[in-house]
Amino acid sequence: MNSEPVFKPPERQIMVGICCMMKKSKSKPMTQILERLCRFEYITVVIFPEDVILNEPVDKWPLCDCLISFHSKGFPLDKAVSYASLRNPLLINDLNMQYYIQDRREVYRILQEEGIELPRYAVLNRDPDKPDGRSLIHVCTALC
């Protein structure tokens with residue numbers, strides 16, 4: 001019987017990157033998510049500093065294996081998409097779909113395509129270049 005200890009290499013840490021504005025990364029829901037992630041021995045969470053997100057080129061952003069990224073006001077979604085293309089992390093949420101959620105009309109369209117009932121709503125199109133050029137494009141008067 002061999003009494004020499006068996007060498008086990010240390011398990012590799014999975015780096016989970018959180019890429020969002022500070023207000024989102026410090027929010028109560030995000031804090032709850034991070035607390036749960038940090039319970040796993042082989043997961044390390046890195047929160048991308050807002051200053052880095054806004055001012056550094058994406059090749060200077062922290063490296064990660066998985067990326068959680070949320071768009072909000074002031075967030076450079078184009079840069080986050082570039083980072084994902086450059087580093088190819090596993091995306092926990094679809095960055096390209098976040099372009100759609102910036103337009104309420106697209107959100108309604110997607111929800112209707114998926115068969116999800118919608119409350120009553122109306123959409124008024126406004127052209128910032130033509131302040132008088134407005135059009136009511138859709139009215140849903142009952143659950144759609």
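The paragraphs below walk through the fold of this predicted model, from its overall layout to a few individual residues. Local features were considered only at pLDDT of at least 70 and side-chain atom pairs only at pLDDT 80 or more, whereas totals for chains, interfaces and linings use all residues. Residues are numbered from 1 along each chain as its sequence is written, and side-chain values use heavy atoms, with hydrogens and water left out.

The protein contains six helices and six strands, taken as DSSP runs (H or I of at least four residues for helices, E of at least two for strands) and numbered from the N terminus. Along the sequence these elements follow the pattern β-α-α-β-α-β-α-β-α-α-β-β. Of the 144 residues, 26% are buried; here buried means under 20% relative accessible area, exposed means over 50%, and partly exposed lies in between, with a 1.4 Å probe and protein chains only. Contacts (heavy atoms within 4.5 Å) are a helpful second view of the fold: among those between residues at least 6 apart in sequence, 53% join residues at least 24 apart.

A good place to start is the sheet. Four strands form an open sheet in the order S2-S1-S3-S4, with parallel pairing; strands are paired if DSSP finds at least two bridges between them. The edges are taken by S2 and S4, each with a single partner strand, so one side of each has no neighbour in the sheet. Strands S1 and S2 are paired in parallel through five bridges, with Met 15 having Thr 44 in S2 as its bridge partner. Four bridges connect S1 with S3, again in parallel, and Ile 18 sits opposite Ile 68 in S3. On to S4 (residues 90-91), S3 is joined by two bridges in a parallel arrangement, where Leu 67 faces Leu 91. Together, S3, H4 and S4 build a right-handed β-α-β unit, meaning that with the strands pointing away from the viewer, the path from the first strand over the helix to the second runs clockwise.

Strand S3 deserves a closer look. In a regular strand the side chains alternate between the two faces of the sheet. In S3 both faces are covered, with Cys 66 and Ile 68 buried on one side and Leu 67 and Ser 69 buried on the other. Ser 69 belongs to S3 (residues 66-69) and counts as buried because its relative accessibility is 0%. Beyond its neighbours within four places in sequence, Ser 69 touches Cys 19, Phe 75, Ala 80, Asn 93, Leu 95 and Gln 98.

Helix H2 lies across S1, S2 and S3, and runs at about 150° to S2; axes are lines fitted to C-alpha atoms, for helices over the stretch in contact, and angles between N-to-C directions run from 0 to 180 degrees. Within H2 (residues 28-37), Met 30, Leu 34 and Leu 37 are buried. These residues cover an arc of only 60° around the axis, which places them on the same side of H2; the arc is that of the directions from the helix axis to the C-beta atoms. The packing partners of the buried H2 residues are strand S1 (14-19), helix H1 (22-25), strand S2 (43-47) and S3. On the face turned away from the buried side, H2 carries the exposed residues Lys 28 and Pro 29.

Aromatic rings add another set of links. Rings of Phe, Tyr and Trp (its six-membered ring) were paired if their centres lie within 6.5 Å, with planes under 30 degrees apart counted as stacked, over 60 as edge-to-face and the rest as tilted. Four aromatic pairs result from this rule. One of them, Phe 48 with Tyr 83, is edge-to-face, at 5.6 Å centre to centre and 80° between the planes. Phe 48 lies in the loop between S2 and helix H3 (50-55) and Tyr 83 in helix H4 (residues 77-87), so this pair ties together parts that are 35 residues apart in sequence. Phe 48 and Tyr 83 are both buried, and ring pairs link them with Trp 61 into a cluster.

Finally, the loop between H4 and S4 holds Asn 88. Most residues other than glycine have a negative phi. Asn 88 has a positive phi, near 55°, and counts as exposed because its relative accessibility is 63%. Its C-alpha atom is separated by 8.7 Å from that of Cys 66, 22 residues apart along the chain.
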